[in-house]
Amino acid sequence: MTKQDIKIKTLDGTAKARLFRPAAPAKAGVILYMDIFGPRPALDQMAERLAEHGYAVLVPDLFYRYAPYGPFDPKTAFAEEKTKALLLILSGGTTQGMTIRDGSAFLDALAAEGIAGPVGVVGYCMGGARALNAAASYPDRIAAAASFHGGNLASDAPDSPHRKAASIKARVYVGVAGVDRSFPPEQSARLAEALRVAAVDHVIENYVGVGHGWCVKDHSVYDEAGAERHWKRLTTFFKETLG
C-alpha cells in the first residue's frame, strides 16, 4: 500500500487530499468523505484498510476553504467552547452545494491518477449526507454510496439527500446508530420511502447499542464490535458493486 499527498484544483480553490493505493492495480476508486473533525490519522487508517481490499482511496479535505485549521481531538473538541465554535463555523460554512461542486474535481482527480471506471463513496457523520448527494449529483460516475452515522439524511432542508433520490443510480447502504439525534427514526422512515419510491437498490440498517461516531477509532463512543460489523458490511457492499 502506498500513500501520497495531492492537491486538487476545484472551482473554489485548491483542496489537499491523500490518496491511498493498494499494492496491486486498484480494482476501483473510492472517495472517503470525512466526518466533522477533518482529515487525521484515524481516517488515514480507515483509508489504508480499504486500500488493503484493493481500492484506491481518496480522502479530501472538505474544509479546505478555511485552511489551515485544527487539528481536533474528537474526544474533547465539543467539550471546549473555542473548538466547538470553530467546528460549527467550518461545518456550517461548508455547504452541501460546495461539496457537491467539489465532487467533480474529486472524481477527476481519481481519473487523472489512472483510476478509471465506476467509483464508490463512503461518508461518516457529516460526510454521510455528502456521499449520498454525490451519488445523486454524479449518477453516471458513482456506482455505490454508503453512509455511516450520517446526520440529516432526510431533513426539512432543501439540500437534504432524500430529495434527490430520483437521481441516484448507485446502490446505497446506510448504517444508522441505535440512538442518533442527527438522524431520528422519522428521518430514517422518510429516507427509506424516498429511496423505495425512486426504485433505488438500498439497505438501511440499524446498529443497536452504538452511538453516533461508533465506527471511527478516535471517537469517544468508538465501539470495536460495531466497527468491525461496519467493516464487514462496507467491504462486502463494495465487493458486490465495484468488484
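Colleague: Let's start with strand 3 and strand 4: which way do they run, and how many bridges join them?

Modeller: Strand 3 (residues 28–33) and strand 4 (residues 55–60) run parallel, with four bridges joining them. For one concrete pair, look at Val 30, whose bridge partner in strand 4 is Val 57. Keep in mind that this is a predicted model.

Colleague: And where does strand 2 come in? In which sense does it pair with strand 4?

Modeller: That pairing is antiparallel, and strand 2 and strand 4 share four bridges. Find Ala 17 and you'll see Pro 60 of strand 4 standing opposite.

Colleague: What about strand 1 and strand 2: how many bridges are there?

Modeller: Nine, and strand 1 runs antiparallel to strand 2 (residues 13–21). The link between strand 1 and strand 2 is a hairpin that passes through two residues. Here Gln 4 is the one to pick out, since you'll find it opposite Leu 19 in strand 2.

Colleague: Okay, zooming out. What is the strand order of the whole sheet?

Modeller: Read it as 1-2-4-3-5-6-7-8: eight strands in an open sheet, with mixed pairing. Strand 1 (2–10) and strand 8 (202–211) each have a single partner strand, so they stand at the edges with one side lacking a neighbour in the sheet. On average, and ignoring direction, neighbouring strands are turned by 20° against each other.

Colleague: Now the helices. Which strands does helix 4 lie across?

Modeller: Helix 4 (residues 126–137) lies across strand 3, strand 5 (119–124), strand 6 (142–148) and strand 7 (171–179). Its direction is at about 155° to strand 5.

Colleague: Which strands does helix 6 lie across?

Modeller: Helix 6 (residues 224–242) lies across strand 3, strand 4, strand 5, strand 6, strand 7 and strand 8. Against strand 6, helix 6 runs at about 170°.

Colleague: How about the surface: which residues form a nonpolar patch?

Modeller: Look for Tyr 66, Leu 86 and Ile 89, which together have about 250 Å² of accessible area. Of these, Ile 89 can be placed in helix 2 (residues 81–93).

Colleague: Last one, on annotation. Which residues does UniProt list for "domain: Dienelactone hydrolase"?

Modeller: The UniProt record gives residues 16–241, and the entry is unreviewed. In the model, that span is 37% helix and 22% strand, and its end C-alpha atoms lie 28 Å apart.

Conventions. Residues numbered from 1 in each chain as written. Predicted model: local features only at pLDDT ≥ 70, side-chain atom pairs only at ≥ 80, totals over all residues. Heavy atoms only, no water. Patch = residues over 30% accessible without salt bridge, like charges linked within 9 Å, V, L, I, M, F, W, Y side chains within 5 Å. Areas by Shrake-Rupley, 256 points an atom, 1.4 Å probe, with all protein chains shown as cover. Salt bridge = Lys/Arg side-chain N within 4 Å of Asp/Glu carboxyl O. Pairing = 2+ DSSP bridges. Axes fitted to C-alpha atoms, helices over the stretch in contact; angles between N-to-C directions. Contact = heavy atoms within 4.5 Å. UniProt positions renumbered as here; feature names shortened; annotations may be inferred.
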